[in-house]
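Visitor: Hello! Could you walk me through this model, one question at a time?

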Amino acid sequence: MKYWLMKSEPDVFGIDHLAKMPKKTEHWDGIRNYQVRNMMRDEMKKGDLVLFYHSNCKEPGIVGIARIVKEAYPDFTAFDPKEKYYDPKSEPENPRWLMVDVQLVRKFKRTISLQELKSYKTLSEMIILRRGNRLSITPVSKKHWDFILKLENKNKKA
DNA sequence: GCCAACGTTGGC
DNA sequence: GCCAACGTTGGC
């Protein structure tokens, strides 16, 4: 089983949106980056666990855990001209873009902020912390995963 | 196949 | 809102 981190803008689709979906499940559409698509297609498996990350907001950071409940399949929003992420080059017969379904496992008791994540030496190699990183989905090592889960119950580092 | 121009991401 | 970093596009 693998671990991942998935970014989302809370103003667009945050963890509270996911919590309100039927079965707390939603398809993760809008991926329009080849590197990320290939990871979804080749490496993401049902049952993999995900750190849900809020980006582009007041307090960016990890807010909870989700689970992959459906493996990569065509992102149908790419076929619809009315959709924000419509891509005329992706045809239903030959879909260019994929998505997965994620289900909320639980929301953290607190946000583990980006600022806090940066303060731990153990996490210094995390992809999300690397300069200029823009991938919306990144793999997370077991070491980092375990460390982050323990942080939830700690007092926030000053 | 190079690379400049452009668009997007996302922290600050 | 700014801007650095990066991906994509398209002319040549």
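**Pocket, core and DNA**

Guide: Gladly! The largest pocket has a volume of about 760 Å³. Please keep in mind that this model is predicted.

Visitor: Which residues lie nearest the centre of the largest pocket?

Guide: Let's start with the elements around it: strand S1 (3-8), helix H1 (10-13) and strand S2 (25-27) each give at least two residues to the lining of the largest pocket. That lining has 22 residues. Nearest the centre of the largest pocket are Lys-7, Ser-8, Asp-29, Gly-30 and Tyr-85.

Visitor: How many residues of the lining of the largest pocket are charged?

Guide: Sort the lining by class and you find 7 nonpolar and 7 polar residues. The charged residues in the lining of the largest pocket number 8.

Visitor: Which element supplies the largest share of the largest nonpolar core?

Guide: The largest nonpolar core has 22 residues, and those with the most contacts inside it include Met-6, Trp-28 and Ile-137. At least two residues of this core come from each of S1, helix H2 (15-20), helix H3 (34-42), strand S3 (49-54), strand S4 (61-74) and strand S5 (98-113). The largest share of this core is 4 residues, and the element that supplies it is S5.

Visitor: Now the DNA! Which residue has a polar side-chain atom 2.8 Å from a base oxygen of DNA strand B?

Guide: Among the residues around DNA strand B are Lys-7, Tyr-53, Asn-56 and Arg-134. Tyr-53 has a polar side-chain atom 2.7 Å from a phosphate oxygen of this strand, and a polar backbone atom of Asn-56 is 2.9 Å from a phosphate oxygen. The residue with a polar side-chain atom 2.8 Å from a base oxygen of DNA strand B is Arg-134.

Visitor: What percentage of the atoms of DNA strand B within 4 Å of the protein belong to sugar or phosphate?

Guide: Two kinds of atom need sorting here: those of bases, and those of sugar or phosphate. For DNA strand B, the sugar or phosphate part is 76%.

Visitor: How far is a polar side-chain atom of Arg-131 from a phosphate oxygen of DNA strand C?

Guide: DNA strand C is surrounded by residues including Asn-33, Tyr-34, Lys-89, Arg-131 and Arg-134. Of its atoms that come within 4 Å of the protein, sugar and phosphate account for 70%. A polar side-chain atom of Lys-89 lies 3.4 Å from a phosphate oxygen of DNA strand C. For a polar side-chain atom of Arg-131, the distance to a phosphate oxygen of DNA strand C is 2.3 Å.

Notes. Residues are numbered from 1 along each chain as its sequence is written. Chains are lettered from A and ligands numbered from 1 in the order in which they are written. This is a predicted model: local features need pLDDT of at least 70, side-chain atom pairs count only at pLDDT 80 or more; totals for chains, interfaces and linings use all residues. Side-chain values use heavy atoms; hydrogens and water are left out. A residue is near a molecule or strand if one of its heavy atoms lies within 4 Å of it. A polar contact is a pair of N or O atoms within 3.5 Å; within protein, one must be able to donate a hydrogen and the other to accept it, and residues adjacent in sequence count only if both atoms are side-chain atoms. On a 1 Å grid over the protein atoms alone, a cavity is a set of points where a 1.4 Å probe fits but cannot get out, and a pocket is an open set with protein on both sides within 12 Å along at least five of seven lines; lining residues have an atom within 4 Å of a point. Grid points are joined across faces, edges and corners, and a volume is the space filled by probe spheres set on the points. Ala, Val, Leu, Ile, Met, Phe, Trp, Tyr, Cys and Pro count as nonpolar, Asp, Glu, Lys and Arg as charged, and the others, Gly among them, as polar. A nonpolar core is a set of buried Ala, Val, Leu, Ile, Met, Phe, Trp, Tyr and Cys residues joined through side-chain atoms within 4.5 Å. Buried means under 20% relative accessible area, exposed over 50%, partly exposed in between (1.4 Å probe, protein chains only).
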